[in-house]
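Subject: Structure for you, with notes

Hello,

Here is the structure I promised to send over. Please open it first, then read the notes below with it on screen.

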Amino acid sequence: MNKRSMRFSSLQTRSRAASFVVSFTMGVAALFLCPPSPADAGEHLRRLSAEIAVMKADAGRLVKPGHLSAPNIKGIKDRLRGALSVLPLLVRAARNTGPDLPGLDGSRTVDLRSALAANDIEKLRAGLEELAAAYPFDTAGLLPPDNRSEALRRAREIHEAHCAGCHDDSETAEEERPAWDFFKLAKAIPPEELAARLVIGVRGDSLTALDNPLRNAEISALIAFYYSGK
Ligand code: HEC
């Protein structure tokens, strides 16, 4: 059993009901299994726009990757490649419930994938910038971070029970897709980016299907908690 699956099974024993599966593929599978309901409209758009915001930020990290290890860089590129493949499907899901949203011509993501393959990061960033403008990430309900003491207490509880096992003190350099330490990350990135990462980062299990198992209020409190530095 490798380290991550050990961490995972210990977490499952601690909290079976709330075992989180962090998986891009599962999220996409859930997208097909669960036909969108009108209530999902905002959620699909938020997920799509958060995905684009994270892609944009990740592409930005590749501009000066000096502080990242080779496996980290490979992990970021793999993630971008996967996200570009799945983006047209996220757009389709968002348009099912928000028909006024602009469509996404598949050739645009193909172009961006070619730019990534050619390591043309500037072209990739410019393309993602355009997409971010077409599908802006609305942070209502997430920002400003909820830093009231009750919210911070709740965020600490959530973090310690469900996130810390994987995300705190995780070694990052040798892993391609590490569970980043959010306290460190908060020191390096703006709140909008952390919000976008939290919106797409936590995938629900089969109980919660596509929905992020965290409510907006909880994400908002977690953002405040991560910026408070423990
Ligand atoms: C079982 C271990 C595990 C648990 C528990 C876990 N995570 Fe993660 N998380 C990971 C791993 C591994 C990744 C990196 C996955 C990847 O890049 O494909 C990740 C990625 C993320 C990301 C995406 C970061 C980015 O690069 O954009 C966010 C956000 C996130 N997790 C938040 C949380 C929160 C909040 C909790 C608790 C509610 C949590 N995770 C619980 C293992 C875990």
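A word on terms before the loops come up: helices and strands here are DSSP runs, with at least four residues for a helix and at least two for a strand, numbered from the N terminus. Please also keep in mind that this is a predicted model.

**Overall make-up**

The protein has 10 helices and 0 strands. Read from the N terminus, the order of elements is α-α-α-α-α-α-α-α-α-α. Of the 230 residues, 30% are buried. Take the contacts between residues at least 6 apart in sequence: 76% of them join residues at least 24 apart.

**The core**

The largest nonpolar core has 44 residues. Which of them touch the most other members? They are Ala195, Ala196, Leu198, Ile219, Leu222 and Ile223. Two or more residues come from each of α3 (41–61), α4, α5, α6 (121–134), α8 (182–188), α9 (191–201) and α10 (216–228). The biggest giver is α4, with 9 residues. Both domains take part: domain 1 (24–134) and domain 2 (141–228) each supply at least three residues to this core.

Leu198 is worth a click. Leu198 sits in helix α9. It has 22 C-beta neighbours inside 10 Å, so Leu198 counts as buried; the cut-off for buried is 20 or more. Setting aside neighbours within four places in sequence, Leu198 contacts Ile219, Leu222 and Ile223. Those three are also among the core residues that touch the most other members. Now look at Val54. Leu198 and Val54 are 144 residues apart in sequence, yet their C-alpha atoms are 9.7 Å apart in space.

Glu43 gives another pairing across the sequence. Glu43 belongs to helix α3. Its C-alpha atom is separated by 9.6 Å from that of Val199, although the two are 156 residues apart along the chain. Is Glu43 buried, exposed or partly exposed? It has 18 C-beta neighbours inside 10 Å, so Glu43 counts as partly exposed.

**Two helix pairs**

Two packed helices are described by the angle between their axes and the distance between the axes. I picked out two pairs.

Start with α4 (residues 70–97) and α5 (residues 106–117). They pack at an angle of about 170°, and their axes are 9 Å apart. Angles over 145 degrees count as roughly antiparallel, and α4 and α5 are therefore roughly antiparallel to each other. From α4, the residues in the contact are Lys77, Leu80, Arg81, Leu84, Leu87 and Pro88. From α5, they are Gly106, Thr109, Leu112, Arg113 and Leu116. Sorted by class, the contact of α4 with α5 has 6 nonpolar, 2 polar and 3 charged residues.

The other pair is α7 and α10. Here the angle is about 90°, and the axes are 8 Å apart. That makes α7 roughly perpendicular to α10. On the α7 side are Ala151, Leu152, Arg154, Ala155, Arg156, Ile158 and His159. They meet Glu218, Ala221, Leu222, Ala224, Phe225 and Ser228 in α10. By class, the contact of α7 with α10 has 8 nonpolar, 2 polar and 3 charged residues. Leu222 may look familiar: it is one of the core residues listed above.

**A glycine in α6**

Gly127 is in helix α6. With 21 other C-beta atoms within 10 Å, Gly127 is buried. Leaving out neighbours within four places in sequence, Gly127 is in contact with Arg108, Asp111, Leu112 and Ala115. Leu112 also appears in the contact between α4 and α5. Thr109 is on that list too. The C-alpha atoms of Gly127 and Thr109 are separated by 8.8 Å, and the residues are 18 apart along the chain.

**Two backbone oddities**

Most residues other than glycine have a negative phi, and most peptide bonds are trans. Two places depart from that.

Where is Asn119? Asn119 is in the loop between α5 and α6. Asn119 is not a glycine, yet its phi is positive, about 60°. It has 10 C-beta neighbours inside 10 Å, so Asn119 counts as exposed.

Then check Leu143 and Pro144. A cis peptide bond joins them, with omega about 0°. Pro144 lies in the loop between α6 and α7 (149–167).

Best wishes

Note on methods: Residues numbered from 1 in each chain as written. Predicted model: local features only at pLDDT ≥ 70, side-chain atom pairs only at ≥ 80, totals over all residues. Axes fitted to C-alpha atoms, helices over the stretch in contact; angles between N-to-C directions. Parallel < 35°, antiparallel > 145°, perpendicular 65-115°, else oblique. Contact = placed C-beta atoms within 7 Å. Nonpolar A, V, L, I, M, F, W, Y, C, P; charged D, E, K, R; others polar. Buried ≥ 20, exposed ≤ 12 C-beta atoms within 10 Å, placed from the backbone. Core = buried A, V, L, I, M, F, W, Y, C linked by C-beta atoms within 7 Å. Domains from an automatic or database assignment.
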